[in-house]
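Got the model loaded in your viewer? Here is a walk through it, one selection at a time.

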Protein chains: 2
Amino acid sequence: MVKMSDVAKRANVSTATVSRVLSKEGYVSEETRNKVLKAIDVLGYTPNRLASNFRKSSSHTVLAIIPDITNPFFSEVVKGLEKVAAERGYHVLLGDTGNSLNVERDLMELVREQLADGVILATARVTNEEIEKLGRELPLVVACEYFDGISIPTVSIDNVVAAREATQYLIDCGHRRIALISGRFNIVLNRDRIRGYRQALEYSGLPVQESLIQEGDWTMESGMNAMSRILAMDQLPTAVFAASDEMAVGALKSLKAKGLRVPNDMSVMGFDDISLSEMVEPELSTVRQPKRELGELAIRMLLNIVEGKKLERTQVILPHRLMIRGSTAPPSPPHGGGR
Amino acid sequence: MVKMSDVAKRANVSTATVSRVLSKEGYVSEETRNKVLKAIDVLGYTPNRLASNFRKSSSHTVLAIIPDITNPFFSEVVKGLEKVAAERGYHVLLGDTGNSLNVERDLMELVREQLADGVILATARVTNEEIEKLGRELPLVVACEYFDGISIPTVSIDNVVAAREATQYLIDCGHRRIALISGRFNIVLNRDRIRGYRQALEYSGLPVQESLIQEGDWTMESGMNAMSRILAMDQLPTAVFAASDEMAVGALKSLKAKGLRVPNDMSVMGFDDISLSEMVEPELSTVRQPKRELGELAIRMLLNIVEGKKLERTQVILPHRLMIRGSTAPPSPPHGGGR
DNA sequence: ATTCGTTGTGTAATCGATTACAGGGACAGT
DNA sequence: ACTGTCCCTGTAATCGATTACACAACGAAT
């Protein structure tokens with residue numbers, strides 16, 4: 001490997017000068033610069049970034065910790081991260097935890113080892129306190145998840161409001177019995193969505209029936225199962241709100257299997273607005289999260305921290321949007337009913 | 001930051017000894033080892049991987065170059081990569097080219113700069129010759145794409161055979177006019193699929209009608225458009241084979257919009273078997289690619305090259321599988337027809 | 001003429017871990 | 001007693017780029 005000293009020798013200058021040419025810092029005469037550039041070209045020199053990073057003790061790399069890269073929601077977030085990172089000359093190390101807490105903890109070590117300058121945490125199995133602690137020790141931004149009263153920089157949507165609006169929309173359509181297919185009860189983000197659902201019902205004076213809240217785990221299968229449980233009830237709801245699009249699609253499948261039509265017999269509302277939601281039939285009404293922007297903003301904040309700049313705001317809430325498509329409609333009047 | 005020399009001082013040994021304890025190489029007495037471990041613990045020492053990587057001139061990192069992380073096919077491949085990399089103590093740098101040839105070239109530089117020990121190339125906009133050249137200069141494995149007669153290690157499926165079998169299946173169902181929604185004509189992988197389609201028709205003595213081959217660009221929209229063009233023809237086919245699942249779903253949508261039923265009025269076959277294919281209605285018959293295995297094997301090969309081991313085989317073809325689901329069936333007899 | 005700021009370049013220390021090499025002690029075999 | 005092998009440990013060079021510091025040349029300002 002040809003190194004900087006080889007270039008220096010060839011150009012009859014010192015390595016300091018070569019370094020100055022490369023970094024564009026400090027004074028170098030036009031003439032010397034050309035000599036150096038020529039030598040670099042002739043020798044085919046490529047700087048050794050390992051040496052440079054070591055000396056500058058910065059890897060110019062950030063670590064993206066996500067639960068599962070095959071989840072379209074997260075892959076969109078990562079896409080946003082990657083784009084901005086590249087623009088600012090940083091690289092992204094992929095940390096797919098496969099939902100494992102231990103892997104998550106291990107990955108954080110990479111920052112301590114200086115392999116990454118900072119971390120985007122898009123999953124949060126660790127506790128509130130642990131995150132606070134980590135955030136004090138290393139540059140860290142939490143994306144997508146939101147923790148109440150946390151002091152760590154965070155970017156997310158307002159899950160409570162989003163879920164409330166989605167539920168409210170169904171109520172406004174005329175639905176009075178609305179089921180909820182929720183994610184895991186122990187996830188904060190999911191609890192926020194449940195909260196929003198409850199709030200909407202309460203504001204409208206509708207009863208919250210606990211049996212209408214069925215737990216899933218974000219997957220399509222769990223959505224199917226949850227829907228089946230709901231369909232086995234005596235008094236059916238006229239609408240279902242699922243806390244993820246995958247689960248909503250599962251609900252769709254379950255409904256079709258039982259011969260029920262959407263939205264005629266049952267309205268279905270999803271959450272996230274992944275591309276899938278426009279591919280199913282009928283197209284899914286859902287809550288759009290600005291996935292890419294979530295990633296972009298998270299990494300912008302992180303890089304600002306890394307580079308020692310001040311953040312204007314540490315808790316950023318991005319706007320969501322209701323996407324009304326074909327899977328929701330007013331409830332059909334009961335057979336032989338109407339007024 | 002506490003460094004190795006601090007640990008050495010505290011434990012009353014040399015840095016060489018500390019290094020030996022950490023690397024588990026060379027002789028260290030049990031007693032000394034404990035002293036060192038204790039000092040490490042007391043001081044809260046974390047090795048500086050930047051220094052270590054520099055000295056060993058290895059980053060223990062591989063670069064995954066993919067066209068688009070939000071494409072579910074590639075995110076599965078990456079998942080496989082990541083898993084095996086982690087198992088073997090490597091990290092994965094994400095290189096999302098956004099389909100740009102220049103970005104692809106820039107990314108390769110990272111290996112020259114020693115930021116990555118090797119590259120998995122899961123997209124190939126660069127030419128055959130360029131890849132050959134790169135492959136001679138740095139550890140490189142091509143995943144998913146296949147180049148005829150290339151000397152670079154490659155892992156992929158046999159796209160020709162896979163497409164032939166899919167088409168053959170449709171023929172065996174009784175279809176005689178089969179349309180093809182292809183990807184971009186200039187992509188090798190796609191040309192292989194077209195070739196397989198042609199072969200199947202020819203083997204069965206069926207005519208290849210060029211107008212039945214419509215170009216798309218892998219996206220759902222392009223699939224819809226291609227299907228619309230096909231449906232505007234005088235003599236309709238009874239089946240369509242799309243070179244990607246997204247395009248097949250687009251075809252599905254286009255058919256539904258025109259009021260045609262699948263598979264009764266038209267059979268639809270996809271390619272890839274991404275999770276989407278089980279979420280649409282009817283579920284998509286498709287060709288399964290072993291996505292995760294593709295990634296796993298590619299990185300295994302790469303790491304073997306990086307670590308100087310010999311590869312048993314440099315060109316690996318993984319098995320594909322026809323997944324027959326609800327979107328394909330024998331053609332309906334023509335109205336008033338049948339014998 | 002002196003001082004000062006700007007420009008241009010070189011010398012050499014430095015970042016922190018790894019490792020080649022040397023050396024010493026213990027022990028076995030002859 | 002001598003030689004050879006293990007063990008165990010330390011000294012110091014090394015990886016390649018960056019950068020603090022020194023210095024020199026030049027022109028402008030006083």
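Start by clicking on N12(B), just past the end of α1(B): its phi is positive, about 60 degrees. Bear in mind as you go that this is a predicted model.

Now step back into the helix itself. Select residues 4-11 of chain B, which make up α1, and pick out V7(B), A8(B) and A11(B), the buried residues of this helix. They share one side of α1(B), because the arc they cover around the axis is only 100 degrees. The general rule is handy here: an α-helix has 3.6 residues a turn, so residues three or four places apart point the same way. Turn to the other side of α1(B) and you'll find K9(B) and R10(B), both exposed. What do the buried residues of α1(B) pack against? Show α2 and α3 (30-43) of chain B, and you have the partners.

Next stop, α2(B). Select T17(B), V18(B) and V21(B), which are buried in this helix. Here too the arc around the axis is only 100 degrees, which puts these residues on the same side of α2(B). Keep α1 and α3 of chain B on screen, since they are among what covers the buried residues of α2(B). Then move just beyond the helix to K24(B), where phi is again positive, near 60 degrees.

Time to bring in the nucleic acid. Show DNA strand D and the 26 residues around it; the ones that come nearest are M4(A), Y45(A), R55(A), T32(B) and R55(B). Which part of strand D faces the protein within 4 Å, sugar and phosphate or bases? Sugar or phosphate holds 59% of those atoms, and bases the rest.

Try a few distances on strand D:

- From the side chain of Y45(A), an N or O atom is 2.5 Å from a phosphate oxygen of the strand.
- From the side chain of K3(A), an N or O atom sits 2.9 Å from a phosphate oxygen.
- At N48(A), use the backbone instead: an N or O atom there is 3.3 Å from a phosphate oxygen.

Colour by element next: α2 (15-23) and α4 (49-56) of chain A, along with α2 (15-23) and α4 (49-56) of chain B, each give two or more residues to the surface near strand D. The most comes from α4(A), with five residues. Recolour by class and that surface splits into eleven nonpolar, ten polar and five charged residues.

Swap over to DNA strand C. Of the 26 residues around this strand, select Y27(A), T32(A), R55(A), M4(B) and R55(B), which come nearest. Within 4 Å of the protein, 57% of the strand C atoms belong to sugar and phosphate.

Zoom in on R55(A) for a contact with a base: a polar side-chain atom of this residue is 2.5 Å from a base oxygen of strand C. Then go to the phosphates, where a polar side-chain atom of S52(B) lies 3.2 Å from an oxygen, and a backbone N or O atom of N48(B) is 3.3 Å from one. The elements giving two or more residues to the surface near strand C are α2 and α4 of chain A and α2 and α4 of chain B. Which element has the largest share of that surface? Highlight α4(B), which provides five residues. By class, the surface near strand C has eleven nonpolar, ten polar and five charged residues.

Now hide the DNA and look at the two protein chains. Superpose chain B on chain A: a turn of 180 degrees with a shift of 0.0 Å along the axis does it, at an RMSD of 0.1 Å. That is how a two-fold axis relates them. The copies meet through the same surface, because 100% of the interface residues of chain B are also interface residues in chain A. To find the axis from chain B, pick L93(B): its C-alpha is 2.3 Å away, the closest that chain B comes.

For the last stop, select T61(A), in strand β1 (residues 61-66) of chain A. Is T61(A) buried or exposed? Buried, because its relative accessible area is 8%, under the 20% limit. The side chain of T61(A) reaches the backbone oxygen of S59(A) at 2.9 Å. Beyond its close neighbours in sequence, T61(A) has contacts including Y90(A), H91(A), L93(A) and L115(A), and from the other chain L93(B).

Technical notes: Residues numbered from 1 in each chain as written. Chains lettered and ligands numbered in written order. Predicted model: local features only at pLDDT ≥ 70, side-chain atom pairs only at ≥ 80, totals over all residues. Heavy atoms only, no water. Near = heavy atom within 4 Å. Polar contact = N/O pair within 3.5 Å; in protein donor to acceptor, adjacent residues only side chain to side chain. Helix = DSSP H or I, 4+ residues; strand = E, 2+ residues; numbered from the N terminus. Nonpolar A, V, L, I, M, F, W, Y, C, P; charged D, E, K, R; others polar. Buried < 20%, exposed > 50% of the residue type's maximum accessible area, 1.4 Å probe, protein only. Arc of directions from axis to C-beta. Contact = heavy atoms within 4.5 Å. Least-squares fit on C-alpha atoms with pLDDT ≥ 70 in both.
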